[in-house]
Amino acid sequence: MNERNGTSGVTLVAGAGLAGLTAAYRWRQRGEDVVLVEKAPYVGGMARSHHRNGFIFDFGPHFIIEKTSLLDELFAPDELVAFGPEIHMVLGGRWIRYPFTPSSMLKVPLGVQMDFLRTRALGPRPGVDYGPPDSFRSNMSRQFGHGLYDFFFRPYLTKKFGGWDISDVVHSDWWAMATHTRGVVTRFAPPAPRPGHAMGALRKLARLTKELPYVFRKLALWYPRAGFGEIPRRIAEQFVHNGGVIRLNSQISQIRRTETRITGVVVDGEEIPVRRLIWTASPNLLARMLGTSTLDMPTLHSVIYFISTDRRYRRRGTEVRPVDPEYAFYRAYFPETICEGLTPGGRSAVVAEVGTTNRDDLAKAGEKYGAMIDTCAALGLFPHGAVTDIFHDVQPDCYPVYPLDYETRLQRYYSELAPIQNLLLAGRNARFQYYNSHQVIRDGERTVEDVLF
Ligand SMILES: Cc1cc2nc3c(=O)[nH]c(=O)nc-3n(C[C@H](O)[C@H](O)[C@H](O)COP(=O)(O)OP(=O)(O)OC[C@H]3O[C@@H](n4cnc5c(N)ncnc54)[C@H](O)[C@@H]3O)c2cc1C
């Protein structure tokens with residue numbers, strides 16, 4: 001029995017991704033009994049790495065966008081390498097630097113450039129149909145011109161979404177949450193339209209010129225020398241060292257509750273009394289177990305292909321995003337360009353990502369090895385015959401997707417959970433937020449702040 005509020009039981013954390021690990025670690029540091037339950041046989045969730053034949057592969061390109069204090073606690077400064085990605089799109093057969101810089105914009109068709117500059121200076125064209133007001137298409141083409149939208153955004157995202165054109169169905173907030181890069185097409189706020197106002201147009205042109213230096217700045221990211229999966233591994237190590245319990249391969253099948261509290265969680269058939277539940281897994285599973293409405297929002301699933309090659313091949317940039325439809329994946333990174341030690345000496349690798357909204361595709365992913373290798377050869381990443389190993393891994397529900405009415409849906413979901421006082425949500429899926437790792441780490445940490453029970 002707890003003295004403070006008369007409840008007993010452990011702090012149970014569901015899910016050992018970065019959010020759950022961080023929450024578990026911080027609660028344990030506060031002296032709580034913490035049990036971390038994970039259905040997979042490993043910790044890390046989406047931030048997992050595969051170690052195979054001397055190669056270290058992450059589940060898709062993974063970089064630390066913002067260092068948090070937790071990372072400073074776990075890593076000595078020289079264990080994190082600074083990294084500046086160089087990304088190229090392949091559009092109409094041309095390699096174009098991304099985020100678009102003024103020089104890469106020169107490779108874009110002239111009509112698209114003119115439309116872009118005109119839109120930046122004068123705002124959206126009056127009388128043009130930009131689609132539903134909150135839609136992704138409306139927001140992006142009003143900011144950057146519909147020429148650039150049709151040339152780049154539409155085909156790129158249709159490819160990322162496995163053939164689904166999200167233009168008019170996805171809310172513009174989705175992109176705002178998804179991007180963290182600096183470039184001509186990602187950095188600036190939409191210009192307010194003031195047609196016919198010459199001084200206003202001049203001011204906007206002047207502002208655009210002033211902003212251009214930002215696009216030349218290298219993005220400073222961080223990366224753990226031992227692979228991204230080293231982050232969850234170290235948090236788990238410290239948590240266990242401090243007396244925390246991790247149960248891998250464990251399924252949560254039921255949650256016991258009253259009107260206002262979670263009282264117990266059934267794990268592998270055993271009921272565990274809980275003082276609080278920190279949930280980082282699927283929102284729909286949680287809702288089903290609590291008897292509340294599910295959060296029926298679309299998600300994107302990923303298949304990642306890990307390809308090892310026989311020797312080191314020349315690279316243009318650190319990541320390529322082939323937009324043209326003939327290519328089988330929408331982005332790939334090259335581990336050997338991040339730091340030494342991710343590939344054995346003198347060897348290269350390609351980690352390629354395919355997105356789909358159809359779960360059935362995940363089971364058929366193994367049928368696409370030939371297409372992945374053909375695409376790498378067609379892009380000149382390595383010649384046919386260079387592959388020494390290929391395997392894949394899948395992750396359902398790894399990108400949240402926001403339909404136009406997403407706020408109403410999220411509000412309903414949260415309001416039904418609100419009466420349950422000892423339930424805390426953290427992480428990308430549980431909160432249905434397009435969070436990156438530093439954000440889910442902070443989210444996990446926030447569970448220990450301002451909590452009175
Ligand atoms: C391809 C890709 C690239 C990315 N690139 C970057 C990047 O460059 N930089 C960056 O900062 N972030 C990146 N991210 C995002 C980052 O990976 C996520 O924000 C973060 O890993 C999410 O952590 P989480 O703990 O919220 O969720 P998850 O990692 O999904 O963890 C949830 C855990 O819950 C477990 N679970 C699910 N159901 C149950 C259950 N019933 N019982 C018990 N356990 C359960 C899951 O197995 C999982 O381990 C990327 C993500 C992807 C997919």
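**Exercise 1. Work out which parts of the chain the salt bridge between Glu 79 and Arg 234 ties together, and how covered each partner is.**

Solution. Keep in mind that this is a predicted model.

Step 1: look at the pair itself. Glu 79 and Arg 234 form a salt bridge, and their closest N and O atoms are 2.8 Å apart.

Step 2: place the partners. Glu 79 sits in the loop between α2 and β5 (80-83), while Arg 234 belongs to helix α9 (residues 230-241), so the bridge ties together parts that are 155 residues apart in sequence.

Step 3: check the cover. Buried means under 20% relative accessible area. Arg 234, at 15%, therefore counts as buried. Glu 79 has a relative accessible area of 26%, so this residue is partly exposed.

**Exercise 2. Take the salt bridge between Asp 389 and Arg 52, and decide whether each side chain is buried or partly exposed.**

Solution. Start with the geometry, then move to the elements.

Step 1: the side chains of Asp 389 and Arg 52 meet at 2.9 Å, N to O.

Step 2: this pair links distant parts of the chain, with Asp 389 in strand β17 (residues 387-400) and Arg 52 in strand β3 (residues 49-52), 337 residues apart.

Step 3: Asp 389 has a relative accessible area of 15%, so Asp 389 is buried. Arg 52 reaches 32% relative accessibility and therefore counts as partly exposed.

Step 4: for context, the structure holds 27 salt bridges.

**Exercise 3. Describe the salt bridge between Arg 409 and Asp 405, then find which residues are joined into one network by salt bridges that share partners.**

Solution. Two short steps will do here.

Step 1: the closest N and O atoms of Arg 409 and Asp 405 are 3.0 Å apart. Arg 409 is partly exposed at 25% relative accessible area, and Asp 405 is partly exposed at 36%.

Step 2: salt bridges with shared partners join Glu 79, Glu 230, Arg 233, Arg 234 and Glu 237 into one network. You have already met two members of this network, Glu 79 and Arg 234, as a bridged pair.

**Exercise 4. Find what covers the buried residues of helix α14.**

Solution. Count the buried residues before looking for their cover.

Step 1: helix α14 (residues 437-446) is mostly covered, with 7 of its 10 residues buried.

Step 2: those buried residues are Ser 437, His 438, Val 440, Ile 441, Asp 443, Gly 444 and Glu 445.

Step 3: their cover includes α1 (18-29), α2 (69-74) and β18 (423-425).

Step 4: set this beside the whole chain, where 56% of the 453 residues count as buried.

**Exercise 5. Inspect the backbone at Tyr 98, Pro 99, Asp 397 and Phe 432, and say what stands out.**

Solution. A reminder helps first: most residues other than glycine have a negative phi, and most peptide bonds are trans.

Step 1: the peptide bond from Tyr 98 to Pro 99 is cis, with omega near -5°. Pro 99 is in the loop between β7 and α3 (102-105).

Step 2: Asp 397 has a positive phi, near 55°. This aspartate lies in strand β17 and is partly exposed, with a relative accessible area of 21%.

Step 3: Phe 432 also has a positive phi, near 50°. Its place is the loop between β18 and α14, and a relative accessible area of 3% makes Phe 432 buried.

**Exercise 6. Find the contacts of Gly 341 beyond its neighbours within four places in sequence.**

Solution. Locate the residue, then follow its contacts.

Step 1: Gly 341 lies in the loop between β15 (331-333) and β16 (349-356). At 45% relative accessibility, Gly 341 counts as partly exposed.

Step 2: with those neighbours left aside, Gly 341 is in contact with Gly 54 and Ile 56.

Step 3: Gly 341 and Gly 54 are 287 residues apart along the chain, and their C-alpha atoms are separated by 8.4 Å.

Step 4: for the chain as a whole, among contacts between residues at least 6 apart in sequence, 72% join residues at least 24 apart.

**Exercise 7. Identify the residues that gather in a patch of positive charge on the surface, and place Arg 94.**

Solution. Name the members, then look at one of them.

Step 1: the patch brings together Arg 94, Lys 107, Arg 314 and Arg 316.

Step 2: Arg 94 is in strand β7 (residues 94-98) and is partly exposed, at 45% relative accessible area.

Note on methods:
Residues are numbered from 1 along each chain as its sequence is written. This is a predicted model: local features need pLDDT of at least 70, side-chain atom pairs count only at pLDDT 80 or more; totals for chains, interfaces and linings use all residues. Side-chain values use heavy atoms; hydrogens and water are left out. Patches are made of residues with over 30% relative accessible area and no salt bridge: like charges are joined within 9 Å, nonpolar side chains (Val, Leu, Ile, Met, Phe, Trp, Tyr) within 5 Å. Accessible areas come from the Shrake-Rupley method with a 1.4 Å probe; for residues, only the protein chains shown count as cover. A salt bridge is a side-chain nitrogen of Lys or Arg within 4 Å of a carboxyl oxygen of Asp or Glu. Lys and Arg count as positive and Asp and Glu as negative; His and the chain ends are not counted. The place of a charge is taken as NZ of Lys, CZ of Arg, CG of Asp or CD of Glu. Helices (H or I, at least four residues) and strands (E, at least two) are DSSP runs, numbered from the N terminus. Buried means under 20% relative accessible area, exposed over 50%, partly exposed in between (1.4 Å probe, protein chains only). Contact means heavy atoms within 4.5 Å.
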